[in-house]
Each structure stands twice: as C-alpha cells, then as structure tokens.
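Got your viewer open? Here's a walk through the model, one selection at a time.

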Amino acid sequence: MDNLEQKFNETIKMGLDIVKETEEDRLMTLSVGPQHPGSGHFRFTIKVDGDYIVYCDPDPGYVHRGEEKMCEYRNFIQNIPHLERPIIHDSTNITYSYSLAVEELANIQVPLRGQYIRALASELNRQVYTLYWLAIYGIFLGHSTMFMWPMGDRELFIDLLEALTGARVTHAFNIPGGVRNDVPEGFKDRCLRQVAYFEKRLTEYEDIFYNNPLFRQRTEGVGILTKDNAIKLGVTGSVLRASGIPFDVRKAEPYDIYNEIDFKIQYMKTCDSFARSTVPFLDMKESCHIIRQLLDKMPKSGEVRAKLQPNPKGPPGESYKRVESGRGALGYYIVSDGTPKPYRVKISVGSFRNMLALPFLLIGSKLADMPSIYWSLNYWPVEADR
Amino acid sequence: MRSGDRDSIMIKDLVNPTNFNILVGKLGDALTRALDQPLGYAINWGRIWSLWPVHLETACCSVEFGAASGPRYDVERFGIIEAFGSLRQCDLIVVQGTVTRKMAPRLRMVYDQMPDPKYVIAMGACAITGGLYIDSYNVLPGVDGIIPVDVYVPGCPPRPETLIQGTMLLQEKIKRLKIR
C-alpha cells in the first residue's frame with residue numbers, strides 16, 4: 001500500500017494528469033421517473049455502488065394541485081368532486097372521511113340505511129383499488145398475466161359501482177348526510193353473484209402469482225421493515241400490518257356501522273416485500289365477507305340521506321375523522337369559522353406516510369429489488385402530492 | 001415567376017453560399033412531394049397501425065389509460081401498443097390529465113426528445129383547459145400552451161371508449177396528412 005502511495009506521489013511530482021479514484025467516483029447516479037414505465041407520477045434519485053443502492057432521494061410533488069387551498073374557496077358540498085380526484089380508483093374512501101368530518105362539524109345524523117350503503121360502496125371500491133394496484137405490481141415485476149387478470153376482474157366491480165353510482169371511477173357518492181342515491185333494483189343478487197365469482201378467482205390468483213417460485217424469490221426476504229422501524233417511520237395500512245402490527249381503523253376506531261360487522265384484521269409477521277404484497281390480497285378476501293354481511297344486515301327500506309339546508313354549515317370549531325382506505329388511515333382535519341366554506345382543510349393520506357419508508361428500505365438493497373420494494377409500499381403518487 | 005428565368009436563378013443560388021441551404025431545402029421539398037403521391041399512402045398506413053405512446057403519466061387520467069390497455073378495452077387491436085418503451089422510439093404522447101408547474105418542463109423535455117413525426121392527444125378536461133383545477137395556483141390552463149395538440153379527448157376522466165375514439169380520430173387525421 002505504501003508502495004502505491006509512493007508511486008502516486010511520484011507521478012504527481014512528474015506533473016502527469018492522474019487523479020486518484022475516490023469513493024464518490026465509484027457511485028453512479030440514476031434518476032427514476034417521471035418518464036419511467038413503473039414509477040408513475042413520481043421521481044426518485046438513487047446512487048448505486050455496483051449492484052447496491054447507497055443513496056435514495058424521493059422527489060414528490062409532480063401532481064401537486066393545491067387541493068387544500070382550493071377547499072377554502074368552495075363550500076362543503078362543492079368540495080366533494082375535486083377531493084376525490086387525488087385517488088380516483090378509491091374515490092369512495094377519500095370522500096368517506098371528509099363526509100364524516102363535515103357531519104361532525106355540522107352535527108348531522110346519517111340514516112341507518114345510508115350508513116350501510118356507504119360502507120358497501122366503500123368495500124366495493126377497496127376491491128377496485130387493490131386490483132388496480134395488483135395489476136401494476138404484476139406488470140412492474142414482468143408478470144403480464146397478473147396485469148391482465150386483475151384488470152379484467154376490476155371491470156366487473158366497476159360495473160357494479162357504475163350501476164350503484166352512475167360513474168365509472170369518479171363517483172361523488174358520499175356526501176355529508178348520507179349517500180347520493182339508493183341502490184338500484186336487483187343490486188343485491190348481482191353483487192352476491194359477483195362476490196362468489198371473485199372468491200373463486202382469488203384462489204387462482206394465489207396459484208399463479210403468490211405461489212409462483214419466481215415471484216417468491218424476488219420478494220421473500222427483500223426490504224425488511226421490522227416492527228420497531230415501522231412504528232418509528234409512521235407507516236400505515238397494509239405496510240404496517242405486514243410488519244406484524246394488527247392495526248385497522250375499522251377495528252380501532254369503528255365509524256358508522258363497522259362495529260356491527262364481524263371481520264378479522266389480516267396481518268403477517270415476515271416484514272418483507274412478500275408480506276406487504278400479500279396483506280392487500282388477504283384484505284380483498286376479508287372484504288368479500290364484509291360485503292356479504294352488509295347486504296344481509298342492510299335495512300330493507302328507509303331514507304338514505306339526511307335532509308340538509310342548501311349550504312350546510314356548523315358552528316365554529318374543528319373536527320378530525322379518519323377511515324381505513326386501500327392504503328391505510330386516511331384522515332381529514334377541518335377547521336370551520338361558522339361560514340358555509342371551510343377555514344382550513346388538511347388531508348392526511350396513507351400514501352405519503354408509506355413513501356417516507358422508501359429511502360429507508362432502498363438503501364442497502366440491490367437495484368434489481370427496487371421494483372418489488374417500491375410498489376409493495378402501496379403508494380399512489382397523486383394522492384401523496386394532493 | 002416566368003419559366004424562362006428559372007435557370008439563371010438556379011446558377012446564381014449555387015454561386016451564393018448563403019442561398020445554397022435554401023436551394024437544398026427546396027430540393028428536399030420537391031423530393032417529398034414526388035414521393036407523396038406514390039408512397040405517401042403506404043408510409044401513413046404504416047404509421048397509423050403502429051402508434052407507440054410514451055409512458056409519461058401527468059395526473060389521474062392514467063387510471064383510465066391503464067384500463068384502456070386492459071383486457072376489456074384492449075387498445076392494441078387499434079394499433080396502439082402498450083406504453084412500456086423508450087421515448088426515443090415513440091411517436092405518440094397522451095397527456096393524461098392535469099399538467100402542473102413542476103411537470104410542464106418535463107413534459108416539454110419528453111416531447112423534444114421524441115423523433116419526428118410525433119402526435120399529441122390531450123386526454124381529460126384538465127389537459128384541455130385546466131378543468132376542475134382551473135383556479136388552482138399550481139396548474140397550467142391547458143397543455144396546448146407548451147406542446148401542439150392534435151386531438152382533444154374530453155371527459156373527467158374520459159371513459160376508455162372515448163380515448164379509443166380519440167385515437168381513431170388521430171388515425172383519420174394521419175391518413176390525410178402529407179408525409180414529412
């Protein structure tokens with residue numbers, strides 16, 4: 001080593017233009033996104049040393065549209081259509097917690113049948129969201145069948161929601177005081193038939209995707225997020241449940257009629273990418289049970305929405321409500337000054353919390369594991385940017 | 001211009017180096033015009049059935065773009081190949097929704113890097129005028145301020161059928177265009 005150093009110093013003395021290789025020179029900087037087949041509307045910069053990632057810098061904000069500021073110059077009802085745009089394939093859940101928060105502010109009681117229809121639409125939408133996520137996860141790992149199958153089955157749930165709400169993805173169905181309209185005729189039979197078919201399909205998904213040796217090799221033991229770190233980083237939803245913590249807002253803080261529904265919290269203890277990709281799948285199975293119970297227990301007739309004044313407003317005050325969306329806890333914090341327009345709206349989304357775990361998981365892992373870690377975080381960039 | 005003067009102008013152009021490029025350009029145009037009649041139909045036909053879109057998602061319309069390439073709507077039967085390629089080989093850019101101030105320079109950069117000929121579809125109300133987010137502080141009022149648009153597909157978000165109709169309109173348009 002001393003010999004090398006000596007030679008180097010000699011060459012410097014000779015005036016040759018030789019520069020010693022430093023630690024920084026071995027690193028290569030890669031920019032992933034926004035024009036990238038898998039990254040979505042998101043960009044992150046990574047530095048790789050050979051095969052291993054040593055640095056990661058997420059750069060969100062490509063779809064920041066100022067939702068929170070826009071809320072301040074629209075009234076409580078006008079806010080609904082633009083608030084569901086951040087996550088249009090889970091639009092019932094993102095307006096669910098908004099409606100709950102406004103109801104708490106204005107002290108509105110929702111009729112029982114309205115509560116059941118709300119929960120039903122929310123569970124159907126959870127399936128639509130999770131199937132879309134699964135399709136993108138499949139194609140990102142190069143599994144084309146897993147793009148085609150969930151995309152095809154998703155259309156059947158979209159048909160159900162279209163019959164219920166009138167729109168394909170942007171429903172604007174949950175409004176403060178209940179839901180917009182009643183269920184159509186023959187909806188229950190159609191829904192039960194669809195759920196029975198879908199449960200059969202889920203076993204096929206398990207065979208072709210989750211028991212696939214290639215998929216298991218790429219995800220098992222990759223991107224370990226331990227229980228303590230999951231709590232420290234503040235992740236939520238399926239990522240938290242995959243780290244061995246049975247937390248679900250539907251159980252922890254039951255809203256509407258969820259305390260009358262019998263279901264189990266699905267969680268896994270392996271803490272890796274495989275667990276994070278399996279927990280949403282188990283949630284879909286559990287969601288099928290919930291849909292059946294909701295259809296059975298739903299009152300046969302009654303009001304679906306409370307009568308409101310044209311511009312609903314409450315006394316000055318604040319409220320915070322959250323629901324379990326496809327990506328985890330989704331909360332709204334609303335401050336009202338007594339006028340029909342909110343004074344301040346803060347949207348607390350699950351995607352943003354899960355994104356914070358991305359640099360933590362990527363540093364130290366291989367570049368080839370980047371896709372399976374990135375999409376297993378159940379992240380939707382538009383929602384995180386708001 | 002009288003026909004007798006043509007030869008004398010040609011010689012003068014060749015002598016003058018500043019006008020030489022213009023002469024070459026005119027010759028190129030003449031060549032294109034000569035090719036347009038016999039080969040233009042065949043070249044356009046090839047372009048119509050192999051439109052490669054760039055995979056640049058600007059906002060939430062990408063969900064319906066994904067559904068359009070799914071099994072029910074299957075845009076591949078109309079010659080639109082799934083968006084999983086390099087932008088150096090693409091000739092179609094579908095602007096999927098809202099364009100924010102941060103995304104706009106990237107969108108223009110992607111458009112500039114694509115080879116000619118290239119076509120643009122503005123998908124969704126936000127890409128056309130700003131749509132629902134017209135009064136937001138971070139959103140452009142329409143994408144046609146930064147890149148030229150061929151076909152506008154309305155809707156918020158447009159249904160996949162509407163997107164397919166938009167691409168068919170673009171194919172009709174390409175059929176009538178002179179080759180470049």
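## Start where the chains meet

Show both chains and pick out the residues that touch across the boundary: 31 residues of chain B are in contact with 27 residues of chain A. On the chain B side, the elements that give two or more residues to this contact are α3 (62-68) and α4 (103-113) of chain B. Color that side of chain B by class and you'll get 17 nonpolar, seven polar and seven charged residues.

Keep in mind that this is a predicted model. Its scores are ipTM 0.81 and pTM 0.85.

## Color chain B by confidence

Now hide chain A for a bit and color chain B by pLDDT. The average is 82, and 87% of the residues score at least 70. Which element of chain B has the lowest mean pLDDT? Select residues 6-15: that's helix α1 of chain B, with a mean of 58, while β3(B) has the highest at 92. Where pLDDT is low, the predicted coordinates should not be read in detail.

## Trace chain B from end to end

Switch to cartoon. Chain B has six helices and three strands, and from the N terminus on you'll pass them in the order α-α-α-β-α-β-α-β-α. Of the 180 residues in chain B, 36% count as buried. Take the contacts in chain B with a separation of 6 or more: 78% of them come from residues 24 or more positions apart.

## Zoom in on the sheet of chain B

Select the three strands of chain B. They form an open sheet in the order β1-β2-β3 (chain B), with parallel pairing. Why do β1 (92-96) and β3 (151-153) of chain B each have one side without a neighbour in the sheet? These two strands stand at the edges, each with a single partner strand, so one side of each is left open in the sheet. Look along the sheet and you'll see a twist that averages 20 degrees from one strand to the next.

Next, select β2 (residues 119-123) of chain B together with β3(B): three bridges join these parallel strands. Show Ile121(B) and you'll find Val151(B) of β3(B) opposite. Then add helix α6 (residues 160-176) of chain B, which packs on the sheet and touches β2 and β3 of chain B. The direction of α6 makes about 170 degrees with that of β3(B).

## Look into the core

Bring chain A back. The largest nonpolar core has 138 residues, and those with the most contacts inside it are Ala135(A), Val95(B), Ile121(B), Ala122(B) and Met123(B). Which helix gives the most to this core? Select residues 112-140 of chain A: that's helix α5, which contributes 17 residues.

Stay with Ala122(B) for a moment. Beyond its neighbours within four places in sequence, Ala122(B) is in contact with several residues, including Val95(B), Ile128(B), Val143(B), Asp144(B) and Tyr152(B).

## Finish on the strands of chain A

Select β1 (residues 28-32) and β2 (residues 43-49) of chain A. They pair in the antiparallel sense over five bridges, and the bridge partner of Leu30(A) in β2(A) is Ile46(A). Now add β3 (residues 52-59) of chain A: seven bridges join β2(A) to this strand, again antiparallel. One place to look is Arg43(A), whose bridge partner in β3(A) is Asp59(A).

Last stop: the turn. β2(A) and β3(A) form a hairpin with two residues between them, and Gly50(A) in the turn has a positive phi of about 70 degrees.

How values were computed. Residues are numbered from 1 along each chain as its sequence is written. Chains are lettered from A and ligands numbered from 1 in the order in which they are written. This is a predicted model: local features need pLDDT of at least 70, side-chain atom pairs count only at pLDDT 80 or more; totals for chains, interfaces and linings use all residues. Two residues are in contact if their C-beta atoms, placed from the backbone, lie within 7 Å. Helices (H or I, at least four residues) and strands (E, at least two) are DSSP runs, numbered from the N terminus. Ala, Val, Leu, Ile, Met, Phe, Trp, Tyr, Cys and Pro count as nonpolar, Asp, Glu, Lys and Arg as charged, and the others, Gly among them, as polar. A residue is buried if 20 or more other C-beta atoms lie within 10 Å of its own, exposed if 12 or fewer, and partly exposed in between; C-beta atoms are placed from the backbone. Two strands pair if DSSP finds at least two bridges between them. Axes are lines fitted to C-alpha atoms, for helices over the stretch in contact, and angles run from 0 to 180 degrees between N-to-C directions. pLDDT is the predictor's confidence in each residue, from 0 to 100. A nonpolar core is a set of buried Ala, Val, Leu, Ile, Met, Phe, Trp, Tyr and Cys residues joined through C-beta atoms within 7 Å.
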